[in-house]
Structure formats: structure tokens, C-alpha cells
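Colleague: Please pick one part of this model and take a close look at it. Then work outwards through the side-chain contacts and the open space.

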Amino acid sequence: MNLTARYPRSPRQRLAGLVHVPRMIDKARACKKNTLGEYIYPCPLDKMILEFLNVDSDTFMEKSASFSEATMEEWVEFLVQDKSRRDFEQINEAILNASPDNDEAREKFKAILNSIDRAREDITSWAELIDLEEGRM
């Protein structure tokens, strides 16, 4: 995975019923290979998923680098086997609706959005901004 040459998957994509996990796998693999580019691993959204999985970023990176996609899915399913459907709904909603939560983050968000399209007042979450910035919206 070389994120200096292509985008990671959308934060909306799912693996084992969880949004953002495929993107996080792409970033973890790139981090391991020093091809992360301008991306951040673990970013705040990654940290939310890592906390939900009860695993640290280094372990997730090592597993991502050595496991196939199917094996990663099995491992993630194992990690969340005791979670309820409501737990999944809550974390997915939290990830997809996460928005800037302080002045510095709001300024950064607005600057990125304005550099792409000043008219897009409908973009309010990080997931939406990421997909817009990477050409998926």
C-alpha cells in the first residue's frame, strides 16, 4: 500500500461490520512500509476504532502488514465478538458523524473544505470531507 501514489479506501467502507476499518488497514500497511505520505496513522478516527477493538495501533499495524484481508476480517470479528449490535451502530455513527470539536480543528476543516469547494455547506463530518477531498463525492 503506497499512499503517496493512491488514496486509502473510504471511511464509509466496512469490514466485519465496522466503518473505517478498511481505510485504517490501508494506512497501517502504508505506515509499516513508510509510504504513508501525508496521511496520519493513527489519526483521531483510527483511535476511536482502536479503542472499540481494544487494541493498540502498533498491534493493528503488525496484523495489517502480515494478514490477508480475509484474515484481518476474521481477527477483527474475533476482537468484537462480545459487542452488541447497538455497540456497532454507535461506533459506526460516531465515526461517520465525527466533526471538528475545537477551534483549531474547525479552522483546519474549513480551510480544507474551502480549498476544495467553498459552496459545499453540506459537508459537516470528517468522513464527508475525506470523501470529498479524495474525489468520492
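Modeller: Start at glutamine 81, in the loop between helix H4 (69-79) and helix H5 (85-97). Helices here are DSSP runs of H or I with at least four residues, strands are E runs of at least two, and both are numbered from the N terminus. The model is predicted: local features need pLDDT of at least 70 and side-chain atom pairs pLDDT 80 or more, while totals for chains, interfaces and linings use all residues. Residues are numbered from 1 along each chain as its sequence is written, and side-chain values use heavy atoms, without hydrogens or water.

Glutamine 81 is exposed, at 53% relative accessibility. (Exposed is over 50% relative accessible area, buried under 20%, partly exposed in between, with a 1.4 Å probe and protein chains only.) Its C-alpha atom is 9.9 Å from that of leucine 53, although 28 residues separate the two along the chain. Lysine 83 sits over the face of phenylalanine 52, 4.5 Å from the ring centre. (The cut-offs are NZ of Lys or CZ of Arg within 6 Å of the ring centre and within 35 degrees of the ring normal.)

Now the rings. The whole structure holds four aromatic pairs. Phenylalanine 67 and tryptophan 75 make an edge-to-face pair, because their centres are 6.4 Å apart and their planes stand at 80°. (Rings of Phe, Tyr and Trp, the last by its six-membered ring, pair with centres within 6.5 Å; planes under 30 degrees apart are stacked, over 60 edge-to-face, the rest tilted.) Tryptophan 75 is buried at 13%. Phenylalanine 67 is partly exposed at 24%. Phenylalanine 109 and tryptophan 126 also pair edge-to-face, with 5.0 Å between centres and 80° between planes. Phenylalanine 109 belongs to helix H6 (residues 103-116) and tryptophan 126 to helix H7 (residues 126-133), so this pair ties together parts 17 residues apart in sequence. Phenylalanine 109 is buried, at 7%. One aromatic cluster joins Phe60, Phe67 and Trp75.

Tryptophan 126 leads on to the open space. The largest pocket holds about 850 Å³. Trp126 is among the residues closest to its centre, with Ile40, Cys43, Lys108 and Ile130, out of 25 that line it. (On a 1 Å grid over the protein atoms alone, a pocket is an open set of points with protein on both sides within 12 Å along at least five of seven lines, and lining residues have an atom within 4 Å of a point. Points are joined across faces, edges and corners; the volume is the space filled by probe spheres set on them.) Helix H1 (21-32), helix H2 (44-53), H6 and H7 each give two or more residues to this lining. By class, the lining has 14 nonpolar, two polar and nine charged residues. (Ala, Val, Leu, Ile, Met, Phe, Trp, Tyr, Cys and Pro are nonpolar; Asp, Glu, Lys and Arg charged; the others, Gly among them, polar.)

Charges come last. The structure has 13 salt bridges. (Each is a side-chain nitrogen of Lys or Arg within 4 Å of a carboxyl oxygen of Asp or Glu.) Arginine 136 bridges to aspartate 131, with closest N and O atoms 2.7 Å apart. Arginine 136 also bridges to glutamate 134, at 2.2 Å. Arginine 136 is partly exposed at 35%. Both acids are buried: aspartate 131 at 3%, glutamate 134 at 8%. These three residues belong to a salt-bridge network with Arg12 and Arg23. Arginine 120 bridges to aspartate 122, at 2.8 Å between the closest N and O atoms. Aspartate 122 is partly exposed, at 43%.

Note on methods
1 Å grid on protein atoms, 1.4 Å probe; cavity = no way out; pocket = protein on both sides within 12 Å on 5 of 7 lines; lining within 4 Å.
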